[in-house]
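Biologist: Please put the model up. I will then ask about it piece by piece.

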Amino acid sequence: MGLSVQHLVHNFTLLSLLLLLLLLLFSVSTFSIVASASFSLNTDREALITFRSQISRNPQTLSFSWDQNISPCNWTGVSCNRRNRRVASINLSGHGLTGSISPTIGNLSFLTSLQLQNNQLQGLIPKEITNLFRLRVLNLSSNSLEGSLPSNLGNLVNLQTLDLTSNTITSLVPNQLGDLKNLNVLNLGKNHFYGPLPPSLSNISSLTVLSLGTKSRSGPIPYELGRLQRLQVLDLTINNLTGTIPPSIYNITSLVSLVLASNNL
């Protein structure tokens with residue numbers, strides 16, 4: 001009987017130690033998750049503050065203010081995802097913003113949408129933007145951005161919309177665009193792109209809109225573009241394209257708009 005009681009006491013002690021250990025592990029894990037989430041939101045806050053410091057406002061437009069005493073998720077034009085309260089979207093289109101886009105934008109690792117169109121932003125598109133591998137929408141159209149496109153654009157594997165229309169970008173159309181296999185809309189018109197159209201664009205099988213009109217691309221229309229069987233809009237107007245229109249283009253049964261005027265075809 002004594003041995004039985006001793007055995008029970010021993011088992012109870014082991015069980016108590018096990019429960020205590022589990023409680024400690026749970027507490028440490030919970031603390032780590034909370035600390036990590038807090039640190040991540042602070043990282044987003046710091047990136048946004050630096051971004052804000054490099055842009056200004058046209059006095060004729062409405063201003064926006066970011067109160068540093070409240071969560072960035074409540075700032076004008078900023079939205080966070082519900083799961084982990086990280087900054088997921090920035091939409092400051094049409095705010096009359098001037099200045100440049102800070103490289104710290106690349107620190108917003110959960111960003112899925114960046115819309116800064118219809119402003120007066122200048123300078124380069126920072127190469128750090130290619131760190132945003134979750135990005136699905138990138139719209140910087142109708143600004144005064146210049147220089148070349150960032151290298152490694154192919155890193156934006158989840159991108160669905162890329163709209164850089166109406167800037168002063170001077171660059172070749174990079175072959176890496178062909179790596180954006182989820183892209184639906186590609187608008188690069190009204191810039192200063194030059195050189196031939198890369199056949200690699202035909203690798204973007206999900207593409208529905210391809211607009212490269214109005215400026216100085218040269219060379220032939222790649223025959224491979226006929227592979228884009230979901231394409232609805234093909235705009236290559238006002239360029240220096242030469243040769244004949246590939247017959248493969250006429251096999252794109254989804255096409256509803258084909259604009260090729262003012263070339264040397």
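Biologist: Is the disulfide between cysteine 73 and cysteine 80 left-handed or right-handed?

Modeller: This is a predicted model, in which local features need pLDDT of at least 70, side-chain atom pairs count only at pLDDT 80 or more, and totals for chains, interfaces and linings use all residues. Residues are numbered from 1 along each chain as its sequence is written, and side-chain values use heavy atoms, with hydrogens and water left out. A disulfide (a pair of cysteine sulfur atoms within 2.5 Å) joins cysteine 73 to cysteine 80, at 2.1 Å from S to S. The torsion about their S-S bond is about -90 degrees, so the disulfide is left-handed.

Biologist: How many disulfides does the structure hold, and are cysteine 73 and cysteine 80 buried or exposed?

Modeller: The structure holds one disulfide. Buried stands for under 20% relative accessible area, exposed for over 50% and partly exposed for what lies in between, with a 1.4 Å probe and protein chains only. Cysteine 73 and cysteine 80 are both buried.

Biologist: How many helices and strands are there in the protein chain?

Modeller: Helices (H or I, at least four residues) and strands (E, at least two) are DSSP runs, numbered from the N terminus. By that assignment the protein chain has one helix and 17 strands.

Biologist: What is the order of the nine strands in the open sheet?

Modeller: Two strands count as paired if DSSP finds at least two bridges between them. The pairing in this open sheet is mixed. Its edge strands, each pairing on one side only, are E2 and strand E17 (257-259). The order is E2-E3-E5-E7-E9-E11-E13-E15-E17.

Biologist: In which sense do E3 and strand E5 (residues 113-115) pair?

Modeller: On one side, E3 pairs with strand E2 (residues 78-80) in the antiparallel sense over three bridges. There, valine 78 stands opposite isoleucine 90, and cysteine 80 of the disulfide stands opposite valine 87. With E5, E3 also forms three bridges, and the sense is parallel.

Biologist: In E5, which residue is the bridge partner of isoleucine 90?

Modeller: Leaving out residues up to four places away in sequence, isoleucine 90 touches Leu48, Gly77, Ile105, Leu108, Leu111, Ser113, Leu114, Gln115 and Leu116; contact means heavy atoms within 4.5 Å. One of these is also the bridge partner of isoleucine 90 in E5, namely leucine 114.

Biologist: Why is strand E3 (residues 87-91) said to be largely enclosed by the rest of the structure?

Modeller: The term rests on burial along the strand. E3 is largely enclosed because the number of its five residues that are buried is four.

Biologist: Which element gives the most residues to the largest nonpolar core?

Modeller: A nonpolar core is a set of buried Ala, Val, Leu, Ile, Met, Phe, Trp, Tyr and Cys residues joined through side-chain atoms within 4.5 Å. The largest one has 58 residues, of which Ile90, Leu114, Leu116, Leu177, Leu186 and Leu210 touch the most other members. Two or more residues come from each of helix H1 (2-53), E2 and E3. With four residues, the element that gives the most is H1.

Biologist: In the hairpin of E2 and E3, which residue takes a positive phi?

Modeller: This hairpin has six residues between the strands. The phi in question is near 55 degrees, and the residue is arginine 85.

Biologist: What is the relative accessibility of asparagine 152?

Modeller: Asparagine 152 lies in the loop between strand E8 (144-147) and strand E9 (161-163). Its phi is near 65 degrees, a positive value in a residue other than glycine. Asparagine 152 counts as partly exposed because its relative accessibility is 43%.

Biologist: Where is serine 166 found?

Modeller: Serine 166 is not a glycine, yet has a positive phi of about 60 degrees. With a relative accessible area of 24%, serine 166 is partly exposed. Its place is the loop between E9 and strand E10 (168-172).

Biologist: Is glutamine 117 buried or exposed?

Modeller: Glutamine 117 sits in the loop between E5 and strand E6 (120-124). Apart from neighbours within four places in sequence, glutamine 117 is in contact with Ser93, Gly94, Asn139, Leu140, Ser141 and Asn143. Its relative accessibility is 10%, so glutamine 117 counts as buried.
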